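Below is a briefing on the fold, the nonpolar core and a surface patch of one protein model.

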Amino acid sequence: MRFKLYVVILFSLFITSCGTIPKDALRLTQKSLELRQIQQKEYNNVTEKHMLIASANVLQDIGFIIKESEQDLGLLIAEKTRDATNTGQVIMAILLGTPMDTHQKIKVSLITRIKNNNSILVRASFQRIVFSDTQYQSGVPTTMEYIKDKKIYQDFYTKLDKAIFLAKQGI
């Protein structure tokens with residue numbers, strides 16, 4: 001019995017060790033590079049501490065709750081919960097008993113990186129997790145995705161620009 005088990009394990013290891021990693025497996029796609037471009041912005045003449053404070057203030061102003069903050073790493077994580085009901089899904093749920101999206105969590109992770117002595121690179125990444133109710137379970141995640149809408153990032157950075165300006169003025 002043990003001999004058969006060893007043979008199966010040895011055969012499995014032999015089969016799986018023959019595979020190779022494709023050359024382009026870790027290469028970023030053009031879409032991921034474009035997303036990175038809209039997610040980040042460079043700021044001059046501001047300290048990392050002031051950048052994190054201004055970022056936290058902006059996120060709180062637009063309804064986010066700060067969940068994690070690590071100044072030494074230049075990291076902020078925040079989230080907010082919003083309604084996700086859709087009229088079409090409500091009708092389908094009533095007629096056919098299909099699941100219906102109930103709420104969504106919008107999460108943001110913000111990372112700062114000192115580029116040189118007086119320049120900081122800020123990258124904000126917004127994600128969306130949609131939850132639905134089924135007949136057996138409540139709050140089941142149905143959709144998890146990055147938010148790729150350029151306007152959301154532009155609006156965030158416009159507000160961050162104003163917050164940094166006010167912080168520099170001591171207001």
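The protein exposes about 12300 Å², of which carbon and sulfur atoms supply 57%, with accessible areas taken from the Shrake-Rupley method with a 1.4 Å probe, where for residues only the protein chains shown count as cover. This is a predicted model, in which local features need pLDDT of at least 70 and side-chain atom pairs count only at pLDDT 80 or more, while totals for chains, interfaces and linings use all residues. Residues are numbered from 1 along each chain as its sequence is written, and side-chain values use heavy atoms, with hydrogens and water left out.

**Fold**
- The protein has five helices and six strands, which are DSSP runs (helices H or I, at least four residues; strands E, at least two) numbered from the N terminus.
- Along the sequence these elements follow the pattern α-α-β-α-β-β-α-β-β-β-α.

**Core**
- Buried residues (under 20% relative accessible area) make up 27% of the 171 residues.
- The largest nonpolar core, a set of buried Ala, Val, Leu, Ile, Met, Phe, Trp, Tyr and Cys residues joined through side-chain atoms within 4.5 Å, has 27 residues, of which Tyr 43, Met 51, Val 122, Phe 126, Phe 156 and Leu 160 touch the most other members.
- Leaving aside neighbours within four places in sequence, Leu 160 is in contact (heavy atoms within 4.5 Å) with Tyr 43, Met 51, Ala 54, Ser 55, Val 58 and Val 122.

**Helix H5 and the surface**
- Leu 166 lies in helix H5 (residues 150-169) and is partly exposed (between 20% and 50%), with a relative accessible area of 37%.

Key: Buried means under 20% relative accessible area, exposed over 50%, partly exposed in between (1.4 Å probe, protein chains only).
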